[in-house]
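User: I would like to learn how to read side-chain features in a structure, taking them one by one. Could you guide me through a few cases?

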Amino acid sequence: MHFKSVKSYKRVKGFKLKLLQLLKLLQLFTLLNFLKLLQLLILFNLFFITGCAFEEVERMPEKPVNTVWPLPPAEPKIKFGEIIESKDDLQPRAKSGWLKDFIGGEEDTEGRLIRPYGVTVDKEGRIYVTDVGRVFVFDRKSGSLSFIGDKPGAGQLRMPIGVAVSPDGSVYVSDVTAQKLFVYNRSGAFIRAIGRAGELKSPSGIAVDSAKDRLYVADTRINAVRAYTLDGISLFVIEGLEADKGKLSFPTNIAVDSHGNIYVVDTGNFRVQVYNSEGKFLRTISSGSKPKLFVRPKGITIDSEGNMYVVDAALQKIFIFDKEGNFFLEVGEGGIEPGQFSMPAGIAADADDRIYVVDQFNARVQVFQYLGEKWKALQLRQKQEAH
């Protein structure tokens with residue numbers, strides 16, 4: 001897996017900013033003759049050099065960016081991995097790419113995330129991210145980017161929110177504007193819609209139970225969770241606008257553990273509610289030992305060890321609980337650097353316990369690695385193979 005360093009990320013960001021500044025100056029003074037333009041470039045270069053020097057002085061000492069949690073000397077449990085914003089992050093950019101972008105006059109935004117929300121990963125490692133009017137499909141193996149639901153006609157997406165993938169590769173997407181779920185095959189072709197007229201009011205987070213071939217949908221507006229077969233047959237509903245245990249208020253996202261238990265982010269009640277596979281209430285997970293832990297809980301996922309990750313959009317953090325529901329770690333803070341968030345939303349864990357977090361207002365997906373038993377076994381195996 002490719003890991004982008006914090007320093008390289010900041011360096012590329014700063015370089016791109018300087019290029020854009022230079023481009024704007026060139027466009028502004030296109031009427032100047034060649035000699036005046038040359039003088040302008042010389043002045044800009046002097047400004048760039050001295051500006052960098054002053055910038056370094058002003059920023060020293062710079063607060064270090066956390067890339068592991070918890071901080072040393074404690075044993076790290078999770079570390080930052082990389083950032084995905086566009087197809088360019090799947091493979092190395094050609095050496096002439098920056099010059100091509102510069103001469104072209106504008107940065108290509110067609111294949112770049114704009115306002116992402118939901119995320120999931122299939123068994124082949126493809127990363128699905130809902131965005132404005134479409135779903136991005138990042139294929140790391142081929143280094144390619146494709147889209148789902150962006151073509152006019154049946155299956156065209158308007159405001160996709162949740163995304164999930166079934167064992168056969170079918171892709172399920174909730175669309176809050178269309179008030180339906182759309183189903184596509186693994187190639188992105190539209191298959192069918194789920195939800196009779198008026199049945200779904202505000203479908204948001206969704207989750208697939210691969211063992212039972214079920215689909216769960218959080219319907220935020222009517223404070224309910226609906227269960228369907230993967231073919232779209234309605235099974236049961238969990239509902240009730242109350243603060244009592246088992247009742248829901250503005251549910252937003254859903255996850256399913258290896259036992260088939262359903263974890264619902266009960267946003268309006270600042271907690272997570274857990275039900276069995278038939279919709280029977282089991283328990284509530286909220287503050288643990290910390291008072292008022294959640295402010296605006298959103299995305300949720302479960303890793304291979306049963307740890308639960310909950311994103312809080314207001315606090316710009318990820319809260320992590322063990323399989324018993326005990327809080328043990330928080331990750332992140334507000335900002336634009338790696339490991340920092342601006343209105344985080346969806347979250348997903350893959351088979352190797354990589355954690356994908358949608359950093360919504362920073363228009364990117366941040367990838368972290370949980371340093372659990374799977375990761376330790378992999379490190380040991382790689383060490384043995386190296387010798």
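User: Where is Ser202 found, and does Ser202 count as buried or exposed?

Analyst: This is a predicted model, and what follows should be read with that in mind. Ser202 is found in the loop between β10 (190-194) and β11 (203-209). A residue is called buried when its relative accessible area is under 20%, so Ser202, at 13% relative accessibility, counts as buried.

User: Which residues does Ser202 touch, not counting residues up to four places away in sequence?

Analyst: Ser202 touches Val176 on one side of the numbering and, further along, Ala218, Asp219, Thr220 and Arg221, once residues up to four places away in sequence are set aside.

User: How should I read salt bridges, and how many does the structure hold?

Analyst: Side chains of opposite charge can pair when their charged atoms come close. The structure holds 14 salt bridges. One of them joins Glu278 and Arg214, whose side chains meet at 3.3 Å, N to O. This pair links distant parts of the chain, with Glu278 in the loop between β17 (271-275) and β18, Arg214 in strand β12 (residues 214-219), and their positions 64 residues apart in sequence. As for accessibility, Glu278 counts as partly exposed at 48%, whereas Arg214 counts as buried at 13%.

User: Which residue forms a salt bridge with Arg192, and which parts does the pair tie together?

Analyst: Arg192 forms a salt bridge with Asp231, the closest N and O atoms being 3.7 Å apart. Because Arg192 lies in strand β10 and Asp231 in the loop between β13 (224-229) and β14 (234-239), the pair ties together parts that are 39 residues apart in sequence. Arg192 is partly exposed, with a relative accessible area of 25%, while Asp231 is exposed, with a value of 60%. Salt bridges can also join up into a network, as they do for Asp350, Asp352 and Arg354.

User: What should I make of Asp131, which is buried yet has no salt bridge?

Analyst: For a charged residue of this kind, one can look at the nearest opposite charge and then at other contacts. Asp131 is found in strand β4 (residues 127-131), and the nearest side chain of opposite charge, Arg134, is 6.1 Å away. A salt bridge is counted within 4 Å, so at 6.1 Å Arg134 does not form one with Asp131. The side chain of Asp131 does, however, reach the backbone nitrogen of Ile114 at 2.8 Å. Beyond its neighbours within four places in sequence, Asp131 is in contact with residues including Leu113, Arg115, Phe136 and Pro160.

User: Where does the charged end of Arg134 sit?

Analyst: The charged end of Arg134 sits over the ring of Phe147, 4.2 Å from its centre.

User: How many aromatic pairs does a search of the whole structure find, and what is the arrangement of Phe294 and Phe319?

Analyst: For aromatic rings, one reads the distance between centres together with the angle between planes. The search finds 12 aromatic pairs, and among them Phe294 and Phe319 are edge-to-face, at 5.8 Å centre to centre and 70° between the planes. Since Phe294 lies in the loop between β18 (281-285) and β19 (297-302) and Phe319 in strand β21 (residues 317-321), the pair ties together parts that are 25 residues apart in sequence. Phe294 counts as buried at 5% relative accessibility, and Phe319 is buried too, with a relative accessible area of 2%.

Note on methods:
Residues numbered from 1 in each chain as written. Predicted model: local features only at pLDDT ≥ 70, side-chain atom pairs only at ≥ 80, totals over all residues. Heavy atoms only, no water. Helix = DSSP H or I, 4+ residues; strand = E, 2+ residues; numbered from the N terminus. Buried < 20%, exposed > 50% of the residue type's maximum accessible area, 1.4 Å probe, protein only. Lys, Arg positive; Asp, Glu negative; His and termini not counted. Polar contact = N/O pair within 3.5 Å; in protein donor to acceptor, adjacent residues only side chain to side chain. Contact = heavy atoms within 4.5 Å. Phe/Tyr/Trp six-rings, centres within 6.5 Å; stacked < 30°, edge-to-face > 60°. Lys NZ or Arg CZ within 6 Å of the ring centre and 35° of its normal.
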